Amino acid sequence: MSTPEKSKHASWAYAEEHRAPDELVERAREVSADVGTDPISDGTAAALTAFSAACGARSIVAIGLGAGLAGAALMRGAAAGAVLTGIDADADCVSATRQLLGSLGVTPSRTRLITGKAAAVLPRLTPKGYDLVFIDAAGESAVEYVTQGLRLLHAGGTLILNDALDTDRVPKPAVREASTQAMRRVEATLRDDDEVVTAMFSTGTGLLVAVKR
Ligand SMILES: C[S@@+](CC[C@H](N)C(=O)[O-])C[C@H]1O[C@@H](n2cnc3c(N)ncnc32)[C@H](O)[C@@H]1O
């Protein structure tokens with residue numbers, strides 16, 4: 001008989017494979033290896049498409065593009081004519097994302113892809129100008145990016161922080177890595193903030209979702 005831990009892991013793995021095989025996702029994985037970034041999981045991609053559709057997102061910010069899988073997943077669920085503002089410090093990632101979005105049929109007029117460090121770019125974006133902010137470059141900077149992300153959202157907007165469980169380290173009290181501590185701080189801060197409604201999902205390596213009241 002399987003242990004509860006094994007059953008739980010099997011359920012997580014089953015949920016990750018919920019979506020049918022997808023050519024775009026496969027291509028994004030190959031390009032991710034080429035540009036040297038870790039792509040989001042299949043379950044995370046599916047969740048992003050569903051969240052984007054649920055909020056009828058028309059204006060989206062994605063921080064940390066990699067090969068563009070999250071951007072593509074968000075745009076798949078977004079409202080017709082939605083615009084994606086994407087930020088990545090690496091020009092190769094910006095270029096890979098542009099190509100992936102192009103193959104999805106997202107025209108250049110619907111993207112604003114910026115090569116630069118998030119800390120420098122985020123303060124220049126319009127406050128309360130966006131429906132959805134996705135963060136996937138946080139690490140130790142999680143608190144700063146989440147603060148900026150909430151500034152960019154209008155009331156009712158959705159913030160999604162990827163890797164919110166810091167590759168399964170957040171639940172282990174003995175782990176005191178800077179990135180793990182940062183994710184714990186963000187979770188506690190958002191949970192205690194009356195201005196947002198939050199939920200933590202174990203999808204992928206953890207998705208922390210906060211909806212601004
Ligand atoms: C884990 S990858 C993102 C994966 C991607 N979201 C996807 O859909 O598969 C992290 C990305 O963040 C970018 N990055 C790291 N530090 C950054 C920073 N300070 N500002 C902007 N981008 C950064 C990296 O270049 C990399 O492309």
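Here is a short conversation about how some features of this predicted model are named.

User: What should I keep in mind about the model and its numbering?
Analyst: Happy to say: this is a predicted model, where local features need pLDDT of at least 70, side-chain atom pairs count only at pLDDT 80 or more, and totals for chains, interfaces and linings use all residues. Residues are numbered from 1 along each chain as its sequence is written.

User: Why is H4 called largely enclosed by the rest of the structure?
Analyst: A residue is buried if 20 or more other C-beta atoms, placed from the backbone, lie within 10 Å of its own. Eight of the nine residues of H4 meet that, so the helix is largely enclosed. Among them are Leu69, Ala73 and Met75. Helices (H or I, at least four residues) and strands (E, at least two) are DSSP runs, numbered from the N terminus.

User: What do the buried residues of H4 pack against?
Analyst: Their partners include helix H2 (23-35), helix H3 (42-54) and strand E1 (59-63). Contact here needs C-beta atoms, placed from the backbone, within 7 Å.

User: How do you know that E1 and E4 pair?
Analyst: Pairing takes at least two bridges found by DSSP. E1 and E4 have four, in the parallel sense, so they qualify as paired. Alanine 62 stands opposite phenylalanine 134 in E4.

User: What makes E3 and E6 edge strands?
Analyst: The open sheet runs E3-E2-E1-E4-E5-E7-E6, with mixed pairing. Strand E3 (111-115) and strand E6 (196-201) each have a single partner strand, so one side of each lacks a neighbour in the sheet.

How values were computed: A residue is buried if 20 or more other C-beta atoms lie within 10 Å of its own, exposed if 12 or fewer, and partly exposed in between; C-beta atoms are placed from the backbone. Two residues are in contact if their C-beta atoms, placed from the backbone, lie within 7 Å.
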